[in-house]
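Colleague: Could you take me through one part of this model in detail? I would like the strand pairing, then the ligand shell.

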Amino acid sequence: MSRRSVLAGTGIVGGSLLAGAGCGDAPPPSFYGVHQSGITTPVLPFLQIAGFDVVAKDRAGLVELLRTWTRAAAELTSGAGAGTTVTFGFGPGLFAEGRFGLAARRPAELAELPSFAGESLDRAAGGGDLCVQICARHPTTAHDAVRALVSAGRAGAVLRWRQVGFRDEGDAADPVGLFGFRDGTANLDLTRQEEQAEHLWVSDGPGWLHGGTYLVVRRIRLLLDTWDRTDVPTQEAVIGRRRDSNDRLELPASHARLASPEANGGVKLLRRSYSYDAGADPNGLIDAGLIFICFQRDPQRQFAAVQRRLVANDPLKGFSQHLASGVFACPPGVRRGSWIGAGLLGPGSGQ
Ligand code: HEM
């Protein structure tokens, strides 16, 4: 199969996808590499993130799916899609006993997240065996890409849930979110390799995940009608920063303080969150919020520990509601000629 035919076969060939795909066969710089893209690469303004249930009957079917998705992703991130990132993750269910023979290779850290006090999650809107995160410069590019992957993978995986996000361009690292405050300011410092080694990349446990990381995604509705009736000094005390200057306020009971490494035994997360906008709810309230996404080397010790602290004391809990959740192990990047997950499932993977 030629690179071009992967998507041509799906019927989604119009628009932006294949334009320019014939301009030489040089693989896009953003897809292949030591690590997957979409983690430490600059955050792009449009997001599609989706969870899938694997329906392939056996290991060969799963391998075929991952090979097909790898070819499709390489194509989607080249030509007119250059710059787009595609990030794949494996959910705990993929490693279940008696499924694909992977139980012995599940890292201990890859387990469903614990339930947190006060949350009421829609199970069907989260979880799943596989996750695909797509970040793009244009909304249609992101949409076409996820659609192409759904279509190309149809024989092996069915779409379980999908979320669509956006964030402002420009000040890419910490754009203003729906609450009117900058989000992403005090993030993992990606200019420091030792921060990445300590908090982001897996370097222990099963070898297939070395150079990989874990993705946690949460759909968090923001109660904007309530927030908008709250005065700015109160909002600032909840967040722990000034709205206009973004200066820190040293308030121990604020969100920023409770989530900080100082309050969590040094734990840090790499946050790459987006906003979502889903219209109105039946009560005439605005339905919108945060697609919270973070990467870390141990979701239990990092995300879950911070979240446990937040559900106990975070003043933001009066203004938000967690609706859906997922945790996925993102394998290391793909070598040219190889495919995503080859270290787990390919020849020489120890199976
Ligand atoms: C309810 C939805 C949330 C909103 C609207 C929100 C918003 C914010 C804002 C505005 C900041 C300050 C600016 C910054 O440093 O980025 C912040 C900081 C932070 N948030 Fe959140 N956040 C939310 C949920 C979460 C969750 C679920 C976690 C992790 C479990 C989290 C972890 C953090 C961390 C680690 C910081 C940086 C703290 C520091 O070191 O100063 N946030 N958040």
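Modeller: Here is a walk from one strand to its surroundings and on to the ligand. This is a predicted model: local features need pLDDT of at least 70, side-chain atom pairs count only at pLDDT 80 or more, and totals for chains, interfaces and linings use all residues. Residues are numbered from 1 along each chain as its sequence is written.

Start with strand E2, residues 85–90. Helices (H or I, at least four residues) and strands (E, at least two) are DSSP runs, numbered from the N terminus. Six of the six residues of E2 are buried, so the strand is largely enclosed by the rest of the structure. Buried means 20 or more other C-beta atoms within 10 Å of the residue's own, with C-beta atoms placed from the backbone. Thr85, Thr87 and Gly89 point one way, and Val86, Phe88 and Phe90 point the other way. In a regular strand the side chains alternate between the two faces of the sheet.

E2 pairs with strand E3 (residues 130–136) in the antiparallel sense, over six bridges. Pairing requires at least two DSSP bridges between the strands. Phe90 has Leu130 of E3 as its bridge partner.

Now the ligand. Of the 26 residues around the ligand, Thr185, Ala186, Ala259, Ser260 and Ser320 come nearest. To count, a residue's C-beta atom, placed from the backbone, must lie within 6 Å. Helix H7 (255–259), strand E8 (286–296) and helix H8 (300–313) each supply at least two shell residues. H8 gives the largest share, four residues.

Terms used: Buried ≥ 20, exposed ≤ 12 C-beta atoms within 10 Å, placed from the backbone.
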